[in-house]
Amino acid sequence: MNYYHVGKIVNTHGIRGEVRVVPITDFMDDRFQNGKQLFIEKNHDYIPVTVEKARPHKGMELVKFEGLDNINDVQTFRDCYLSVTEEQQSDLEDGEYYYHQIIGLDVVTNDGRELGKIKEIMSPGANDVWVVERSGKQDLLLPVIKDVIKDVDLDKHLVTVELMEGLE
């Protein structure tokens, strides 16, 4: 079965079993909804958990899982990823992509110049930013806006971009 990361547990919060989660998904309201099943990836095992409640807190999500009611139940999950199965992913509209579909794609300019590979996606605010790892250069930060991202071709494993002045 394929699993996809939707968050990373970075710490506990309080003594009643809540954890601090850095989201790695555009679908936070859906992924961390009460009653949703997630999997904690620990030592190559996937432990099923059910979200009892979740709330935003300082750019993260505070998540409480059913049956894990104190800090001792959750402290071993620090630095573990939260995942969903492939079956839990819903179909997206045209032009929408899951993070795992974008990370690893090759990036080229409109004129065919190779820039590198997308290694990470950041969500700092109004729009996502794709981080392109380049050989021998600093990473390139591409805002995910229509003026920059011209085409995403999953079949060809390729993103075509137009570099606006000041991006490179």
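Start in this predicted model with the second largest pocket, and select β1 together with α3 (99-102), since each of these two elements supplies at least two residues of the pocket lining. Of the two, keep β1 highlighted, as β1 gives the most to this lining, with three residues. The space in the second largest pocket comes to about 180 Å³, and of the 14 residues that line the pocket, the closest to its centre are Tyr4, His5, Ile24, Tyr99 and His100. If you colour the lining by residue class, you will find eight nonpolar, four polar and two charged residues.

Next, zoom out and show the whole protein as a cartoon, in which three helices and twelve strands can be traced. Taken along the principal axes, the C-alpha atoms fill a box of roughly 55 × 30 × 30 Å. Colouring by accessibility marks 34% of the 168 residues as buried, and a contact map would show that, among contacts with a separation of 6 or more, 48% are between residues 24 or more positions apart.

Now select Tyr3, Phe39 and Tyr46, and display their side chains, which together form one aromatic cluster. How many aromatic pairs are counted here? The count comes to two aromatic pairs. In one of them, the rings of Tyr3 and Phe39 have their centres 5.3 Å apart and their planes at 70 degrees, and the pair is classed as edge-to-face because that angle is over 60 degrees. This pair links distant parts of the chain, with Tyr3 in strand β1 (residues 3-13) and Phe39 in strand β3 (residues 37-42), 36 residues apart. Tyr3 also pairs with Tyr46, and here the arrangement is stacked, with 3.7 Å from centre to centre and 5 degrees between the planes. That second link again joins distant parts of the chain, from Tyr3 in strand β1 to Tyr46 in strand β4 (residues 45-57), 43 residues apart.

Switch on a surface for these three residues and compare each with the accessibility classes. Is Phe39 buried or exposed? Phe39 has a relative accessibility of 10% and therefore counts as buried, the limit being under 20%. Tyr3, by contrast, is partly exposed with a relative accessible area of 22%, and Tyr46 is likewise partly exposed, at 30% relative accessibility.

From the cluster, extend the selection to Thr85, which lies in strand β6 (residues 81-85). Beyond its neighbours within four places in sequence, Thr85 is in contact with Met1, Asn2, Tyr3 and Phe39, so that two members of the aromatic cluster appear in its contact list. Thr85 itself is buried, with a relative accessible area of 5%.

Stay on β6 and move to Leu82, which is one of the residues with the most contacts inside the largest nonpolar core, alongside Leu38, Ile40 and Phe65. This core has 18 residues, and the elements that give two or more residues to it are β1, β2 (18-23), β3, β4, β5 (60-65) and β6. The largest share, three residues, comes from β1. With sequence neighbours within four places set aside, the contacts of Leu82 are with Tyr4, His5, Val6, Gly7, Ile9, Val21, Phe32, Leu38, Phe39, Ile40 and Phe65. A second, separate core of 16 residues can then be coloured in another shade, and includes Val107, Trp130, Leu142 and Val152.

Return to strand β1 and pick Thr12, whose place is in that strand. Thr12 is buried, with a relative accessible area of 17%. Its contacts, again leaving aside neighbours within four places in sequence, are Glu18, Val19, Arg20, Ile71, Val74 and Gln75. For a sense of scale, draw a distance from Thr12 to Val131: the two are 119 residues apart in sequence and 29 Å apart in space, C-alpha to C-alpha.

Finish at Gly59, in the loop between β4 and β5. Which accessibility class does Gly59 fall into? Gly59 is exposed, with a relative accessible area of 73%. A last distance can be drawn from Gly59 to Asp153, where the C-alpha atoms are separated by 31 Å and the residues are 94 apart along the chain.

Methods. Residues numbered from 1 in each chain as written. Predicted model: local features only at pLDDT ≥ 70, side-chain atom pairs only at ≥ 80, totals over all residues. Heavy atoms only, no water. Helix = DSSP H or I, 4+ residues; strand = E, 2+ residues; numbered from the N terminus. Buried < 20%, exposed > 50% of the residue type's maximum accessible area, 1.4 Å probe, protein only. Contact = heavy atoms within 4.5 Å. Phe/Tyr/Trp six-rings, centres within 6.5 Å; stacked < 30°, edge-to-face > 60°. 1 Å grid on protein atoms, 1.4 Å probe; cavity = no way out; pocket = protein on both sides within 12 Å on 5 of 7 lines; lining within 4 Å. Points joined across faces, edges and corners; volume = space filled by probe spheres on them. Nonpolar A, V, L, I, M, F, W, Y, C, P; charged D, E, K, R; others polar. Core = buried A, V, L, I, M, F, W, Y, C linked by side-chain atoms within 4.5 Å.
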